[in-house]
Amino acid sequence: MEHLLQSLKIGINEKIFIKDPESSDLGKRIVEESILMIHEMGFESFTFRKLGAKIGSNESSIYRYFENKHKLLLYLTSWYWGWLEYQLVFSTNSIPDTKDKLTKAIEIMTRETKEDSAFSHINEVALNKIVINEYSKSYLTKEVDEENKEGYFVIYKRLINRISNMIKALDSSYPYPSSLSSTIIEGSLHQYFLKEHFSSLTDCNEDITPTQYFIDLVFKSLKA
């Protein structure tokens with residue numbers, strides 16, 4: 001799969017950026033360093049001025065790629081969901097058994113993130129931490145409905161739909177496939193957040209993983 005990913009480009013809605021950061025070395029540095037900085041200092045403290053100082057470039061050069069840091073966060077999280085979608089498709093496409101396919105999908109969506117050498121300028125581990133801690137800030141805005149119409153969340157929605165279809169393939173009588181699918185994805189982020197910050201509010205720990213929890217939850221909900 002690594003060799004296949006090396007030849008692929010994560011397709012991001014072009015309305016999110018002004019200039020494709022993948023089209024230049026500067027753009028890739030903007031993405032690379034913004035991930036590390038947001039992971040280190042948090043989205044609220046992160047600014048384009050600080051990013052410009054870090055990469056040795058004018059703040060104005062960053063605005064030639066992204067209108068604001070909200071759009072940058074949308075870009076980073078969209079890239080993350082697209083990266084997971086590729087893994088999901090490649091890893092489950094050849095699995096004929098519907099239960100095994102759904103199990104593999106849950107594993108991919110809930111497992112601990114490992115760095116992927118196929119994308120040298122992306123630290124996937126740090127990006128995963130950003131998604132866990134910051135993703136909700138990309139849609140908990142007054143503009144969310146308009147941005148949804150513009151297709152800013154299409155990869156995320158497509159990913160949920162893929163897993164929803166796997167749920168329906170396994171148990172067509174289950175009445176809540178989309179709700180269960182979104183619970184797997186959003187719930188996994190939440191469990192990792194609780195595990196790190198509010199450990200008394202989750203049973204996930206060093207011995208029990210979010211993957212174990214969601215496999216148990218899903219298959220106790222379905223007639224399989």
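**Exercise 1. A lysine with two partners**

Does Glu44 count as buried or exposed? Work that out, then trace the salt bridges around Lys137.

*Solution.* Keep in mind that this is a predicted model.

- Step 1: Glu44 has 55% relative accessibility. The cut-off for exposed is over 50%, so Glu44 counts as exposed.
- Step 2: Look for a partner. Glu44 makes a salt bridge with Lys137, and their closest N and O atoms are 2.7 Å apart.
- Step 3: Place the two residues. Glu44 is in the loop between helix 2 (25–41) and helix 3, while Lys137 is in the loop between helix 7 and helix 8 (144–149), so this pair ties together parts that are 93 residues apart in sequence.
- Step 4: Check Lys137 for another partner. Its side chain also meets that of Glu134 in a salt bridge, at 2.4 Å from N to O.
- Step 5: Compare the settings. Lys137 is partly exposed, with a relative accessible area of 28%, whereas Glu134 counts as buried at 6%.

**Exercise 2. A bridge within a helix**

Find out how Asp216 and Lys220 sit relative to each other in helix 11, and put their bridge into the overall tally.

*Solution.*

- Step 1: The side chains of Asp216 and Lys220 form a salt bridge, 3.2 Å from N to O.
- Step 2: Both belong to helix 11 and are four residues apart, so about one helical turn separates them.
- Step 3: Asp216 counts as partly exposed at 37% relative accessibility, and Lys220 is exposed, with a relative accessible area of 67%.
- Step 4: Back to the earlier trio: bridges with shared partners join Glu44, Glu134 and Lys137 into one network.
- Step 5: The count of salt bridges comes to ten.

**Exercise 3. Rings that meet**

How are the rings of Phe48 and Tyr63 arranged? Sort out that pair, then try Tyr80 with Trp81.

*Solution.*

- Step 1: A search of the whole structure turns up 15 aromatic pairs.
- Step 2: For Phe48 and Tyr63, the ring centres are 4.9 Å apart and the planes are at 70°, so this pair is edge-to-face. Planes over 60 degrees apart go in that class.
- Step 3: Phe48 is in helix 3 (residues 48–55) and Tyr63 in helix 4 (residues 59–63), so the contact ties together parts 15 residues apart in sequence.
- Step 4: Phe48 counts as buried at 4% relative accessibility, but Tyr63, at 38%, counts as partly exposed.
- Step 5: Now the other pair. Tyr80 and Trp81 have ring centres 5.2 Å apart and planes at 70°, so they are edge-to-face too. Tyr80 counts as buried at 4% relative accessibility, and Trp81 is buried at 3%.
- Step 6: Widen the view. Tyr80 and Trp81 belong to a cluster linked by ring pairs, along with Trp79, Trp83, Tyr135, Tyr139 and Tyr156.
- Step 7: Rings meet charges as well. Lys69 lies over the face of Phe43, 4.7 Å from the ring centre, and the charged end of Lys99 sits over the ring of Phe219, 5.3 Å from its centre.

**Exercise 4. The largest pocket**

Which helix gives the most residues to the lining of the largest pocket?

*Solution.*

- Step 1: The largest pocket holds about 340 Å³ of space.
- Step 2: Its lining has 17 residues, and the closest to the centre are Glu112, Lys129, Tyr192, Lys195 and Pro210.
- Step 3: Helix 7 (124–134), helix 10 (177–197) and helix 11 (210–221) each supply at least two lining residues. Helix 7 gives the most, with four.
- Step 4: By type, the lining divides into five nonpolar, six polar and six charged residues.

How values were computed: Residues are numbered from 1 along each chain as its sequence is written. This is a predicted model: local features need pLDDT of at least 70, side-chain atom pairs count only at pLDDT 80 or more; totals for chains, interfaces and linings use all residues. Side-chain values use heavy atoms; hydrogens and water are left out. Rings of Phe, Tyr and Trp (its six-membered ring) pair if their centres lie within 6.5 Å; planes under 30 degrees apart count as stacked, over 60 as edge-to-face and the rest as tilted. Buried means under 20% relative accessible area, exposed over 50%, partly exposed in between (1.4 Å probe, protein chains only). A charge sits over a ring if NZ of Lys or CZ of Arg is within 6 Å of the ring centre and within 35 degrees of the ring normal. On a 1 Å grid over the protein atoms alone, a cavity is a set of points where a 1.4 Å probe fits but cannot get out, and a pocket is an open set with protein on both sides within 12 Å along at least five of seven lines; lining residues have an atom within 4 Å of a point. Grid points are joined across faces, edges and corners, and a volume is the space filled by probe spheres set on the points. Ala, Val, Leu, Ile, Met, Phe, Trp, Tyr, Cys and Pro count as nonpolar, Asp, Glu, Lys and Arg as charged, and the others, Gly among them, as polar. A salt bridge is a side-chain nitrogen of Lys or Arg within 4 Å of a carboxyl oxygen of Asp or Glu.
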